[in-house]
Amino acid sequence: GIELSARRHSVAVTSWEAVKYSLDMTDEIMGKRLVEFQNNDILKTDFSDATHLYISSLCFPEEVVEALSNMIIENSQKRHLQVVAALSDLV
């Protein structure tokens, strides 16, 4: 997950740790990382190896949605991306 807000990023990391603990699981399966959390700007982040995207985009300005949509289209050609879920229409 890529989260701009430091507070929301911290909540995500803490929540993931609780899920792992309750399910008695690790961060990796067969040497492959399950989930990665970054406190960053998604428009400045390489997410080309992502398989699933959830975008809480209700408050994103139109130009951010457009730029993010273009990044998703570019990344989808690399065939890693399987699912995109967004709270608003993407361009």
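A: A strand is a DSSP run of E with at least two residues, a helix is a run of H or I with at least four, and both are numbered from the N terminus. One more thing before you start: this model is predicted.

Q: Okay, so how many helices and strands does the protein chain have, and how do they run from the N terminus on?

A: You'll find two helices and six strands in the protein chain. Walking from the N terminus, you meet them as β-α-β-β-β-β-α-β. The C-alpha trace spans about 40 × 30 × 20 Å along its principal axes.

Q: Which strand runs parallel to β5, and how many bridges join the two?

A: That's β6, residues 83-86, which is joined to β5 by four bridges and runs parallel to it. One pair to look for is Y54 with its bridge partner A85 in β6. Now follow the chain: from β5 it goes through helix α2, residues 62-76, and on to β6, and this β-α-β crossover is right-handed.

Q: Which residues of β5 are on its covered face, and which are on the uncovered one?

A: Strand β5 covers residues 52-55. L53 and I55 sit on the covered face, while H52 and Y54 are on the uncovered one.

Q: Which residues make up the largest nonpolar core?

A: The idea is to look for buried nonpolar residues joined through side-chain atoms within 4.5 Å. Here that gives nine residues: I42, F47, A50, L53, I55, L68, M71, I72 and L81. Both β5 and α2 supply at least two residues each, and α2 gives the most, with three. Try clicking on F47 too: leaving out residues up to four places away in sequence, F47 touches I2, I42, L53, L68, M71, I72 and N75.

Q: Is H9 buried or exposed?

A: The cut-off for buried is under 20% relative accessible area. H9 has 17% relative accessibility, so H9 counts as buried. You'll find H9 in helix α1. Beyond its neighbours within four places in sequence, H9 is in contact with E3, F37, Q38 and N39. Across the protein chain, buried residues make up 21% of the 91 residues.

Q: How do I read the contacts between residues 24 or more positions apart?

A: Take the contacts with a separation of 6 or more, then ask what share joins residues 24 or more positions apart. In this protein chain that share is 70%.

Q: What about empty space: which residues lie nearest the centre of the largest pocket?

A: Rolling a probe the size of a water molecule over the atoms shows where empty space is left. In this model, the largest pocket holds about 1,300 Å³ of space. Its lining has 34 residues, with G1, I2, E36, H52 and L53 nearest the centre. At least two lining residues come from each of β1, α1, β3, β5 and α2. The largest share, four residues, is from β5.

Q: And where are D24 and R79, whose phi is positive?

A: Most residues other than glycine have a negative phi. D24 is in the loop between α1 and β2, and its phi is near 50 degrees. R79 is in the loop between α2 and β6, with phi near 70 degrees.

Q: Are those two buried or exposed?

A: Exposed means over 50% relative accessible area. D24 has 71%, so D24 is exposed. R79 has 74% relative accessibility, so R79 counts as exposed.

Conventions. Residues numbered from 1 in each chain as written. Predicted model: local features only at pLDDT ≥ 70, side-chain atom pairs only at ≥ 80, totals over all residues. Heavy atoms only, no water. Buried < 20%, exposed > 50% of the residue type's maximum accessible area, 1.4 Å probe, protein only. Pairing = 2+ DSSP bridges. Right-handed = clockwise from strand over helix to strand, strands pointing away. Contact = heavy atoms within 4.5 Å. 1 Å grid on protein atoms, 1.4 Å probe; cavity = no way out; pocket = protein on both sides within 12 Å on 5 of 7 lines; lining within 4 Å. Points joined across faces, edges and corners; volume = space filled by probe spheres on them.
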